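Welcome! Let's take a short tour of one protein model, looking at a strand and its neighbours and then at a pair of helices.

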Amino acid sequence: MKRFKKVLSAIFVAALVFTGCGNNTASAASSVSSQAEASKIDESNLETMWVSGDDVNVREGQDTGTQSVGKLKRGAEVKRIAVHGEWTEIYFGGESRFVSTKFLTDEDPSSSSGRRKHSGAGFVVCIDPGHQSKGNSAQEPIGPGASTTKAKVTGGTTGVATGIPEYQLALDVGLMLQKELEARGYTVIMTRTSNNVNISNSERAAVANNAGADAFIRIHANGGGASSQGALTMCQTANNPYNANLYNESYALSQAVLKNFVAATGAKNLGVSRVDNMSGINWCQVPVTIIEMGFMSNATEDRNMADPSYREKMVQGMANGIDEFLNR
Ligand SMILES: [Zn+2]
């Protein structure tokens, strides 16, 4: 009986192999006709896709059993001819070939220009361009119920080489970030859109709270020595007396923004500072980060931050960080 079963299964396997061969022959034939069609294809009309897997096989047919004619690295660009369910037909080496559809994406991984579609849909981001043209030295508590007070808002620092005031830099970059985040689908609330305002740091936090912001980003630049350099972000500590419950989220936001900012700009990474003496953080009821984009006391960083193409990199980095935080 056992023997009989073995014989039967051997016949079954043989039949499968035979069927398999038949399929291969059929797909080889269709591949040839596709190649003929592909030779007429104008590559510039094909949609660009990117490889989202590691060492992805390019095959002759729509079957893992067909010959692999090459491998594509993650991030490689391919031209798509057509999608056939699990297999995508691409133009490869002048011929029609196939890769598994699941290893392709329409997002350019190397692009910093936000090809990600609608990543911001449904999210509200509040942007606070730091400072304003005239500081307000009147005092306010540094947190709800605090006896310690601080100036409501200061004027900020000034670029040592460019003479640009920090409030102007923060506003210019903040407005660029607003535009970029809106293009990515976010709803953006600004604490200010001009320099001639008088809004204290706790009032800025209230704007973010009232908006129910999913993330609150406060844009600043640093002052220090002439050779001080690099970017950092700030959030509260895990023991903050006012909003320690937001520490985990604020820290994750701070990390994501800083990591992506440094990646986009090449700035030195000075890490995430955890502090409890910032009114604009302590009054927050939403995840918050302050970014110090660079040192205005360092002539090179000051000039960089005034440069439109560097500003674009900073904005892309911040937007990528917000994307990463909110889509984590
Ligand atoms: Zn500042």
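Before we talk about bridge partners, one term helps: two strands are said to pair if DSSP finds at least two bridges between them. Keep in mind that this is a predicted model. Our tour starts at strand β13, which covers residues 231-235, and ends where helix α4 packs with helix α7.

**Strand β13 and its surroundings**
- Strand β13 is mostly covered, with five of its five residues buried.
- Its side chains go two ways: A231, T233 and C235 point one way, while L232 and M234 point the other way, and all are buried.

**The partners of β13**
- With strand β14 (residues 269-274), β13 pairs in the parallel sense over four bridges.
- Look for C235 here, as its bridge partner in β14 is R274.
- With strand β15 (residues 288-295), β13 pairs in the antiparallel sense over three bridges.
- This time find M234, whose bridge partner in β15 is I290.

**A link through helix α4**
- Together, β13, α4 and β14 make a right-handed β-α-β unit.

**Helix α4 meets helix α7**
- Helix α4 (residues 247-265) and helix α7 (residues 308-326) pack at an angle of about 145°, and their axes are 7 Å apart.
- The crossing of α4 past α7 is right-handed.
- Residues of α4 in this contact include L253, V257 and F261, and those of α7 include M314, M318 and I322.
- Sorted by class, the contact of α4 with α7 has 12 nonpolar, six polar and three charged residues.

Key: Residues are numbered from 1 along each chain as its sequence is written. This is a predicted model: local features need pLDDT of at least 70, side-chain atom pairs count only at pLDDT 80 or more; totals for chains, interfaces and linings use all residues. Axes are lines fitted to C-alpha atoms, for helices over the stretch in contact, and angles run from 0 to 180 degrees between N-to-C directions. A crossing is left-handed if the near helix is turned anticlockwise from the far one by less than a right angle, and right-handed if clockwise. Two residues are in contact if their C-beta atoms, placed from the backbone, lie within 7 Å. Ala, Val, Leu, Ile, Met, Phe, Trp, Tyr, Cys and Pro count as nonpolar, Asp, Glu, Lys and Arg as charged, and the others, Gly among them, as polar. A residue is buried if 20 or more other C-beta atoms lie within 10 Å of its own, exposed if 12 or fewer, and partly exposed in between; C-beta atoms are placed from the backbone. A crossover is right-handed if, with the strands pointing away from the viewer, the path from the first strand over the helix to the second runs clockwise.
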